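Me: I am new to this structure and would like a close look at a single part of it. Please take one buried site, go through its surroundings, and then place it among the other parts of the chain.

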Amino acid sequence: MLQSLIFDMDGTLFQTDKILEMSLDDTFNHLRTLNQWDTSTPIDKYREIMGVPLPKVWEALLPTHSDEIRKYTDDYFLKRLVENIRNGKGALYPNVKEIFSFLKENNCSIYIASNGLKDYLEAIVDYYELNNWVTETFSIQQIQTLDKGNLVKTIIKKYGIKSAAVVGDRLSDINAAKDNNLLAVGCNFDFAQADELAQADVVIDDLIELKTIVLKINNSSLI
């Protein structure tokens, strides 16, 4: 029986692409005013690596820049993301609140485990009032390793979880499930990669499909 579901945020619950490009453009336009960037915004490169912790993002997008500039860029980008969220420019994926309500009605606890930063995650959770359903949101900032498997392990240990699924769109989510002997549910959404999804236990095209998965597992466990 599934006791809990642990969700990724970006590209799984939150349609990050709706604010990603504008926030990245804002950030690199700012870098241009500082004479720290002189070409186009590397949005395609960011889409390729979407889901990795932000320190890794800036290593990839600003490979020749100093750690100081990367940290400054990270802070600026976070401010732009949060402002765009609070201005209502983002969106949840279809059926997020519907599936959350279903899970709560079926006694499944809900957690969020994300490579996003705490302030960014809080902005999304607050704006969409996700705490009506979510027990706790965990950021990669809370652990030293920047490994999502360890972040999921933190949730399992804190709440004494015995049976759960990790729901996410990227390999880091799938690996986090497998590292902790949990069910890996891959989301075939905007940033998903076919070769990564192939490693999931099950793949969904819409979050509402979790209803069938949860009912099937929980009903079979009662037999």
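Reply: Asp173 has a relative accessible area of 3%, so it counts as buried, the cut-off being under 20%. This value, like the others here, is computed from a predicted model. Asp173 is part of helix H8, which covers residues 171-179. Its side chain comes to 3.3 Å from the backbone nitrogen of Asp169. Apart from neighbours within four places in sequence, the residues in contact with Asp173 are Asp8, Lys148, Val166 and Gly168.

One of these contacts, Asp8, can be followed further. Asp8 sits in the loop that runs between strand S1 (4-7) and helix H1 (17-33). Asp8 is buried because its relative accessibility is 7%, under the 20% limit. The side chain of Asp8 makes a polar contact of 2.9 Å with the side chain of Thr12. With neighbours within four places in sequence set aside, Asp8 is in contact with Leu13, Ala113, Ser114, Lys148, Val167, Gly168, Asp169 and Asp173. Lys148 and Gly168 appear in the contact list of Asp8 and also in that of Asp173. Asp169 is in contact with Asp8, and its backbone nitrogen is the atom that the side chain of Asp173 reaches.

The loop after H8 gives a contrast in exposure. Asn181 is placed between H8 and strand S5 (183-187). At 72% relative accessibility, Asn181 is exposed, whereas Asp173 in H8 is buried. The phi angle of Asn181 is near 55°, which is a positive value in a residue that is not glycine. Asn107 can be described in similar terms. It lies in the loop between helix H5 (96-105) and strand S2 (109-114). Its phi is near 60°, again positive in a residue other than glycine. With a relative accessible area of 65%, Asn107 is exposed, the limit being over 50%.

Helix H1, at the far end of the loop that holds Asp8, contains His30. Not counting residues up to four places away in sequence, His30 touches Tyr72 and Tyr76. The C-alpha atoms of His30 and Lys211 are 44 Å apart, and 181 residues separate the two along the chain.

The last topic is helix packing. Two packed helices are described by the angle between their axes and by the distance between those axes. Helix H3 (residues 54-61) packs with helix H4 (residues 67-86) at an angle of about 120°, and the axes are 10 Å apart. H3 and H4 are therefore oblique to each other, and H3 passes H4 in a right-handed crossing. From H3, Leu54, Trp58 and Glu59 meet Arg70, Thr73, Asp74 and Phe77 of H4. By class, this contact of H3 with H4 has 3 nonpolar, 1 polar and 3 charged residues.

H4 also packs with helix H6 (residues 118-127), at an angle of about 0° and with the axes 9 Å apart. H4 and H6 are therefore roughly parallel. Here Leu78, Leu81, Val82, Ile85 and Arg86 of H4 meet Asp119, Tyr120, Ala123, Ile124 and Tyr127 of H6. The contact of H4 with H6 has 8 nonpolar residues, no polar ones and 2 charged ones.

Note on methods:
Residues are numbered from 1 along each chain as its sequence is written. This is a predicted model: local features need pLDDT of at least 70, side-chain atom pairs count only at pLDDT 80 or more; totals for chains, interfaces and linings use all residues. Side-chain values use heavy atoms; hydrogens and water are left out. Helices (H or I, at least four residues) and strands (E, at least two) are DSSP runs, numbered from the N terminus. Buried means under 20% relative accessible area, exposed over 50%, partly exposed in between (1.4 Å probe, protein chains only). A polar contact is a pair of N or O atoms within 3.5 Å; within protein, one must be able to donate a hydrogen and the other to accept it, and residues adjacent in sequence count only if both atoms are side-chain atoms. Contact means heavy atoms within 4.5 Å. Axes are lines fitted to C-alpha atoms, for helices over the stretch in contact, and angles run from 0 to 180 degrees between N-to-C directions. Angles under 35 degrees count as roughly parallel, over 145 as roughly antiparallel, 65 to 115 as roughly perpendicular and the rest as oblique. A crossing is left-handed if the near helix is turned anticlockwise from the far one by less than a right angle, and right-handed if clockwise. Ala, Val, Leu, Ile, Met, Phe, Trp, Tyr, Cys and Pro count as nonpolar, Asp, Glu, Lys and Arg as charged, and the others, Gly among them, as polar.
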